[in-house]
Amino acid sequence: MDFYFYLFFTLSYLILLIVGFVKRREKNIMRLTFFLYLVIVGLIVDNAIIAFGKFIGTGSLLENLHLFRYWTHAVITPTLILFCLGVLQKSGKNYFCTTRAIWITFTCTFVLILIEIITVVTVIELKPVLEYGILHYVPIREIAGSVLMIIIVSLILLVTGLLLYIFTSWKWMLAGAIIMGIGSALPIKVESTAFTNALELVLMISLVATDITFSYKEQ
């Protein structure tokens, strides 16, 4: 059953990527908000690898593909912080456009990427697991570094959503971040490995909606 979930997520992110590029007014790829679409590309790859793992089969190819998943997660996910600064720059508050704010944000992003690489992907050991109809590789033991990065990025998304709500009354980024946070924190037992991925999709929809909306506000 999970195969269909991950296939749905893969197609949904592909549609979300296309909609974001078509609907947003700002087409300049040098804007920080474009990092959101880099993350979505990473999620397309991530979910596709999980979905089609059983067709590839156990072996070095699938293991390396999953190792690639962890590398992309480490390098790309922290860039959501850059997206947060990019969308705050469109809120009308000049502080977020200062050199200081930009350097702090880039430094924080770089540090999180570095921590994730050093504490997770360079030491990770994977094992094959077949569950709920999907074959994927998971860490042999839990690694704390990855949890730290996710917590920090999630908090920054939440704070950014709150600031946007205070500054502009836009509530959907805050709603997406809250749903993601509560859903991940609650001990909800479901017969699937895809629950967190569903929460991620909800969050990404709220972020793309935010980007599209604020690309029009800036005009």
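# A tour of the chain, from overall fold to single residues

Begin with the whole chain in view: residues 24 or more positions apart account for 73% of the contacts with a separation of 6 or more, where contact means heavy atoms within 4.5 Å. This is a predicted model, in which local features need pLDDT of at least 70 and side-chain atom pairs count only at pLDDT 80 or more, while totals for chains, interfaces and linings use all residues. Residues are numbered from 1 along each chain as its sequence is written, and side-chain values use heavy atoms, with hydrogens and water left out.

Colour by secondary structure next, and nine helices and two strands appear; these are DSSP runs numbered from the N terminus, with helices being H or I of at least four residues and strands E of at least two. Read from the N terminus, the order of the elements is α-α-α-α-α-α-β-β-α-α-α. The C-alpha trace spans about 50 × 35 × 35 Å along its principal axes. Of the 219 residues, 45% count as buried, the term standing for under 20% relative accessible area, with exposed meaning over 50% and partly exposed the range in between (1.4 Å probe, protein chains only).

Now select helix H1, residues 2–23. Its 22 residues should span 32 Å at 1.5 Å a residue, and the end C-alpha atoms lie 31 Å apart, which agrees; the expected span is 1.5 Å times one less than the number of residues. Among the buried residues of H1 are Phe-3, Tyr-6, Phe-9 and Tyr-13.

Turn to the aromatic side chains, which form twelve pairs in the structure. Rings of Phe, Tyr and Trp (its six-membered ring) pair if their centres lie within 6.5 Å, and planes under 30 degrees apart count as stacked, over 60 as edge-to-face and the rest as tilted. Select Phe-21 and Phe-34, whose ring centres are 5.4 Å apart with planes at 45 degrees, so the pair is tilted. This pair links distant parts of the chain, with Phe-21 in helix H1 and Phe-34 in the loop between H1 and helix H2 (35–51), 13 residues apart. Phe-21 is partly exposed at a relative accessible area of 36%, whereas Phe-34 counts as buried at 11%. Trp-170 and Phe-214, to be selected next, form an edge-to-face pair at 6.3 Å centre to centre and 90 degrees between the planes. Here Trp-170 belongs to the loop between helix H7 (144–168) and helix H8 (172–185), and Phe-214 to helix H9 (residues 195–217), 44 residues apart; both Trp-170 and Phe-214 are buried.

Keep Phe-214 displayed and add Ser-91, which is found in the loop between helix H5 (80–89) and helix H6 (99–121). Ser-91 is buried, with a relative accessible area of 12%, and, leaving aside its neighbours within four places in sequence, is in contact with Phe-96, Leu-164, Phe-167, Thr-168 and Phe-214. Phe-167 also has Lys-93 over its face, at 5.0 Å from the ring centre; a charge sits over a ring if NZ of Lys or CZ of Arg is within 6 Å of the ring centre and within 35 degrees of the ring normal.

Finish with two backbone positions. Phi of Ser-169 is near 70 degrees, a positive value in a residue other than glycine, and Ser-169, in the loop between H7 and H8, is exposed at 56% relative accessible area. Tyr-132, with phi near 55 degrees, lies in the loop between strand S1 (126–131) and strand S2 (134–139), where Tyr-132 is partly exposed at 35%.
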